[in-house]
2 protein chains.
Amino acid sequence: MTYRNRKVLITGGLGFIGSNLAIRLAEEGARVTLVDSRVLGCGGNLYNIEPVRDHVRVVEVDIGEPEKFLDEIRSSDVIFNLAGEISHLHSQRYPERDLAINTLSQLRFLMSCREHAPGVRIVYAGTRQIYGVPEYLPVDESHPVNPVDFNGVHKYAATMYHLMLTRAGELDAVVLRLTNVYGPRMALDVPCQGFLSTFFRKAASGHALEVFGDGRQLRDPVYVGDVVEAMRIAGGATRLPSRAYNVGGPAGLTLYEIAAILSRQSGLEPPALRPFPEERKAIDIGSYYTDSTRIAQELRWRAAVHFEEGARRTLDYYAGNLSSYLNAQDTDPPCKLGHNGQKRRMVLSTVDAAR
Amino acid sequence: MTYRNRKVLITGGLGFIGSNLAIRLAEEGARVTLVDSRVLGCGGNLYNIEPVRDHVRVVEVDIGEPEKFLDEIRSSDVIFNLAGEISHLHSQRYPERDLAINTLSQLRFLMSCREHAPGVRIVYAGTRQIYGVPEYLPVDESHPVNPVDFNGVHKYAATMYHLMLTRAGELDAVVLRLTNVYGPRMALDVPCQGFLSTFFRKAASGHALEVFGDGRQLRDPVYVGDVVEAMRIAGGATRLPSRAYNVGGPAGLTLYEIAAILSRQSGLEPPALRPFPEERKAIDIGSYYTDSTRIAQELRWRAAVHFEEGARRTLDYYAGNLSSYLNAQDTDPPCKLGHNGQKRRMVLSTVDAAR
């Protein structure tokens with residue numbers, strides 16, 4: 001399976017994972033269109049696609065306004081649907097904004113796909129966050145859904161849209177539930193984007209790392225190149241025995257081990273342990289690691305890059321590009337949803353019956 | 001446990017289940033406030049509370065505008081949260097409207113409860129619809145969530161809000177997942193409200209019944225008096241070992257058997273079998289019946305009224321009140337969401353940053 005000459009649409013295409021996917025597919029000869037709202041706080045960054053800037057098309061629009069890119073929807077062979085807000089703390093502070101971005105916009109986008117590209121393959125970037133505090137480890141796809149924040153609720157609503165419309169035969173979607181992803185082009189300046197973003201920001205800019213709690217919680221970070229490969233496979237698979245796949249890293253590491261590796265690679269002193277801030281404690285889930293057996297067996301994907309190697313590549317990337325990843329998106333409240341410094345919020349508005 | 005002198009808030013209180021609950025609690029001496037938007041198509045009917053009209057307070061407002069009934073929220077001892085749209089076909093035709101009613105309004109309401117009545121007991125009326133096509137029978141609370149329509153997605157999002165805020169210690173909510181409920185005061189004039197509504201409308205008005213398909217799909221209809229009792233218990237329980245309970249009827253019956261009982265009780269000819277209309281076929285789930293073991297064991301509730309008996313009581317009720325249940329709500333598209341003949345739709349509106 002090759003993407004050569006295939007028409008590919010990537011929503012959230014200027015974001016961390018979207019841009020890595022775009023670069024990979026463009027280099028492979030795909031005809032790539034990126035849709036991105038460039039909403040502040042969501043990680044979209046034009047600099048991310050620097051290597052393929054002249055080889056991809058960028059449409060700057062919110063996927064909640066699909067009428068503005070219908071031609072792109074109609075002509076797509078495969079859609080990678082990665083648009084969304086992923087900050088857990090943002091979602092807790094501004095849940096209605098999160099509902100608008102992660103659920104309402106997805107609903108509008110999928111309704112349009114259903115109408116204008118019926119049956120199209122869609123790969124949706126889900127999240128392990130929907131599982132909440134693990135009831136057992138490793139977490140497989142049958143684990144109960146118990147989100148600990150609004151972001152998890154809203155991402156799961158969007159997941160259900162994809163799966164429900166696929167069961168109904170109207171779309172051909174598959175959901176990849178990603179664990180913590182890291183690598184070149186991850187946003188370093190979006191507040192509360194996750195511990196890896198914070199760790200890499202500090203390591204890349206020469207500041208000592210801190211770990212909350214005892215640092216013994218396990219995680220299984222997955223390198224973005226591995227995620228891109230999982231998406232490539234899911235987008236091209238002719239046979240999809242399942243519609244939801246967990247995508248985890250190659251090994252469980254403690255938060256302290258992760259911080260220690262980054263500190264060492266950056267020539268920094270060892271990480272310090274600090275008490276949990278209240279707001280973070282409320283949404284902490286303890287240890288988490290993924291059972292990726294299903295995608296290994298059914299789609300023959302396996303994470304290939306170990307954290308030591310992936311971290312080195314990531315730090316190498318930022319060594320040459322750090323200024324493009326600092327202070328571009330650090331806005332809280334993340335209210336600047338529009339393109340002209342305007343706030344956008346979801347409202348129940350009363351419009352007259354003639355419309 | 002008694003509700004005597006307790007302050008009770010019932011959202012969707014003019015609806016089918018809400019009004020039966022209101023009557024029961026008012027007769028028990030509770031101080032009952034009903035909140036109801038009287039949105040056309042959602043089943044709110046002032047006539048429903050005729051027996052206790054002078055003993056309950058009615059606030060006519062959408063729960064998505066909680067700032068209009070903050071005093072009622074603040075002073076509640078128990079909240080029964082029954083507001084919502086339950087027509088599956090409406091949700092398929094107007095999914096954004098369904099998202100506004102069943103998810104956005106619930107989000108706003110719960111955020112207000114969290115702020116103004118922290119830790120309050122809330123009993124949320126969930127639905128067995130979230131389980132979708134059963135993977136096994138009877139369906140217990142661990143069954144995967146696979147909604148077949150937008151209504152199921154949006155009701156489940158609201159369910160997740162309740163459970164997530166309860167896990168976080170901010171509310172004290174419990175979800176009852178109701179199977180098909182029937183009884184006095186069910187709306188007979190809301191299009192596509194479910195087969196029981198259609199069956200009772202026809203039986204009560206002397207028209208022969210029709211059953212789609214082969215009529216052998218199982219259901220476990222539950223009498224509204226039993227549901228009211230389950231809600232009373234859940235609202236008053238000092239110990240809630242679980243936060244989600246299935247609530248099913250006393251026995252599985254085929255659709256044909258249900259129709260035959262109603263036909264016989266109404267002196268009509270036996271029901272006829274008809275082919276499935278396409279739109280209904282798409283959201284048909286085959287056989288369904290509930291495993292209510294958990295609520296039986298943990299809260300000592302069991303359905304007491306068998307269908308023969310419940311159907312008789314229901315037909316007796318409509319024999320004297322039928323005109324109040326016909327042609328009041330039959331509007332499609334169900335666009336009249338406002339109170340003055342105005343349409344209301346959810347929009348992403350851009351408001352300036354100063355607001």
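**Close-up 1. A β-α-β unit in chain B.** A crossover counts as right-handed if, with the strands pointing away from the viewer, the path from the first strand over the helix to the second runs clockwise. In this predicted model, strand E5 (residues 121-127) of chain B, helix H5 (residues 150-167) of chain B and E6(B) form just such a right-handed unit.

**Close-up 2. Strand E6 of chain B and its partners.** Strand E6 (residues 172-178) of chain B has six of its seven residues buried, so the rest of the structure largely encloses it. With E5(B), E6(B) pairs in the parallel sense over seven bridges; look for B:Ile122, whose bridge partner in E6(B) is B:Ala173. E6(B) also pairs with strand E11 (residues 244-247) of chain B, again in the parallel sense, over four bridges. Here B:Val175 sits opposite B:Ala244 of E11(B).

**Close-up 3. The open sheet of chain A.** Seven strands line up as E3-E2-E1-E4-E5-E6-E11, with parallel pairing. Strand E3 (56-60) and strand E11 (244-247) of chain A are at the edges with a single partner strand each, so one side of each has no neighbour in the sheet. From one strand to the next, the twist averages 20°.

**Close-up 4. E1 next to E2 in chain A, and two helices packed on the sheet.** Strand E1 (residues 7-11) and strand E2 (residues 31-36) of chain A run parallel, joined by five bridges. A:Thr11 stands opposite A:Val35 in E2(A). Helix H5 (residues 150-167) of chain A packs on the sheet, touching strands E5 (121-127) and E6 (172-178) of chain A, with its direction at about 150° to that of E6(A). Helix H7 (residues 224-236) of chain A packs there too, touching E4 (78-81), E5, E6 and E11 of chain A, and its direction makes about 160° with that of E6(A).

Methods. Residues numbered from 1 in each chain as written. Chains lettered and ligands numbered in written order. Predicted model: local features only at pLDDT ≥ 70, side-chain atom pairs only at ≥ 80, totals over all residues. Buried ≥ 20, exposed ≤ 12 C-beta atoms within 10 Å, placed from the backbone. Pairing = 2+ DSSP bridges. Axes fitted to C-alpha atoms, helices over the stretch in contact; angles between N-to-C directions. Contact = placed C-beta atoms within 7 Å.
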